[in-house]
Amino acid sequence: MPAGDIGEDGLHMQPWLHHGFLNLSEDLSEAHAQGKRLMIIWEQRGCPYCKRLHDVNLRLPRVVDTIKNDFMVVQLNLWGDREVTDFDGEVLKEKDLANKWRVMFTPTLQFFPSTLKEMNGQAGGEGEVVRIPGYFKPFHFYFLLRYAATKGYEAEPSFQRWLSGVGNKLDALGVEYDLYADELPENLPPDL
């Protein structure tokens with residue numbers, strides 16, 4: 001897939017990013033209405049790992065298809081000044097929201113429950129269900145997306161244990177995989 005462009009703010013652009021009013025409760029409701037989960041991706045100008053995420057992971061068709069089918073993605077700037085309304089109603093600049101949610105580096109991806117009721121009025125940092133703290137190679141990144149999309153965290157709160165179960169399935173199917181490769185296994189079953 002083609003590489004993405006960089007916007008005037010120094011952040012990577014993708015055609016599937018959601019451009020709303022930065023009211024996260026409304027974004028969550030909209031994602032739910034579309035049958036998707038809300039994902040927030042935090043980036044910053046000049047971030048080498050954000051570049052790697054966009055140049056490697058987000059050029060893999062299966063990864064991009066998973067994101068487009070399962071998630072509505074809001075991009076936030078770790079040092080940004082745009083005003084964002086948190087799930088608890090507090091209005092903060094992006095950089096202050098990052099501090100409130102303890103987002104310390106980029107990229108950081110956060111995934112939230114399906115509905116506002118499940119958020120229970122909590123701020124995003126307390127209500128998130130999965131966080132990807134930093135850059136992960138495609139294998140782990142893809143399966144973290146699947147873990148969030150399928151609510152794997154409900155049955156297994158440990159992503160590593162959940163992923164071990166996926167590895168066992170792949171081994172049983174004879175699928176060869178390299179955890180450190182910049183691509184996904186060629187014969188990855190469609191249901192995984």
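Is Ser114 buried or exposed? In this predicted model, Ser114 is buried, with a relative accessible area of 10%, and the residue lies in the loop between strand E5 and helix H5, the latter spanning residues 116–119. The side chain of Ser114 makes a polar contact of 3.4 Å with the side chain of Arg37. When neighbours within four places in sequence are left aside, Ser114 is in contact with Leu28, His32, Arg37 and Lys151, so that Arg37 appears both as a contact and as the partner in the side-chain polar pair, a buried setting by the criterion of under 20% relative accessible area.

Lys151, one of the residues in contact with Ser114, is found in the loop between H7 and helix H8 (152–155). Lys151 is partly exposed, with a relative accessible area of 27%, whereas Ser114 is buried at 10%. The backbone of Lys151 has a positive phi of about 60° although the residue is not a glycine. A positive phi of about 60° is likewise computed for Leu22, which is not a glycine either. Leu22 is placed in the segment before helix H1 (24–33), and at 9% relative accessibility Leu22 counts as buried. Most residues other than glycine have a negative phi, and most peptide bonds are trans. With regard to the peptide bonds, a cis bond joins Thr106 and Pro107, with omega at about -5°. Pro107 lies in the loop between helix H4 (94–100) and strand E5 (108–111).The packing of two helices was examined next. The axes of helix H7 (residues 138–149) and helix H9 (residues 159–173) come within 11 Å and cross at roughly 105°, and H7 and H9 are therefore roughly perpendicular to each other. On the H7 side, the contact involves Phe139, His140, Phe143, Leu144, Arg146 and Tyr147, while H9 contributes Phe159, Gln160, Trp162, Leu163, Val166 and Leu170. The residues of this contact between H7 and H9 divide into 9 nonpolar, 2 polar and 1 charged.

Beyond helix H9, Asn187 is found in the segment that follows that helix. Asn187 is partly exposed, with a relative accessible area of 45%. Not counting residues up to four places away in sequence, Asn187 touches Gly174, Val175 and Glu176. For Glu176, which is 11 residues from Asn187 along the chain, the C-alpha atoms of the two residues are separated by 8.1 Å.

Asn57 is found in the loop between helix H2 (48–55) and helix H3 (61–70). With a relative accessible area of 0%, Asn57 is buried, and the side chain of Asn57 reaches the backbone oxygen of Phe136 at 2.9 Å. Residues up to four places away in sequence being set aside, Asn57 touches Arg52, Val63, Tyr135, Phe136, Lys137, Pro138 and Phe141. Phe136 is thus named among the residues that Asn57 touches and also supplies the backbone oxygen reached by the Asn57 side chain.

The cysteines Cys47 and Cys50 were considered as well. Cys47 is buried, with a relative accessible area of 8%, and Cys50 counts as buried at 0% relative accessibility. A search of the whole structure finds 0 disulfides.

A further loop, between strand E3 (83–85) and strand E4 (91–93), holds Asp88. At 34% relative accessibility, Asp88 counts as partly exposed. The side chains of Asp88 and Lys100 are joined by a polar contact of 2.8 Å, and Lys100 is listed with Gly121, Gln122 and Ala123 as being in contact with Asp88 once its neighbours within four places in sequence are left aside. By C-alpha atoms, Asp88 is separated by 27 Å from Phe159, a residue 71 places away along the chain and one of the H9 residues that meet H7.

Definitions and conventions: Residues are numbered from 1 along each chain as its sequence is written. This is a predicted model: local features need pLDDT of at least 70, side-chain atom pairs count only at pLDDT 80 or more; totals for chains, interfaces and linings use all residues. Side-chain values use heavy atoms; hydrogens and water are left out. Helices (H or I, at least four residues) and strands (E, at least two) are DSSP runs, numbered from the N terminus. Buried means under 20% relative accessible area, exposed over 50%, partly exposed in between (1.4 Å probe, protein chains only). A polar contact is a pair of N or O atoms within 3.5 Å; within protein, one must be able to donate a hydrogen and the other to accept it, and residues adjacent in sequence count only if both atoms are side-chain atoms. Contact means heavy atoms within 4.5 Å. Axes are lines fitted to C-alpha atoms, for helices over the stretch in contact, and angles run from 0 to 180 degrees between N-to-C directions. Angles under 35 degrees count as roughly parallel, over 145 as roughly antiparallel, 65 to 115 as roughly perpendicular and the rest as oblique. Ala, Val, Leu, Ile, Met, Phe, Trp, Tyr, Cys and Pro count as nonpolar, Asp, Glu, Lys and Arg as charged, and the others, Gly among them, as polar. A disulfide is a pair of cysteine sulfur atoms within 2.5 Å.
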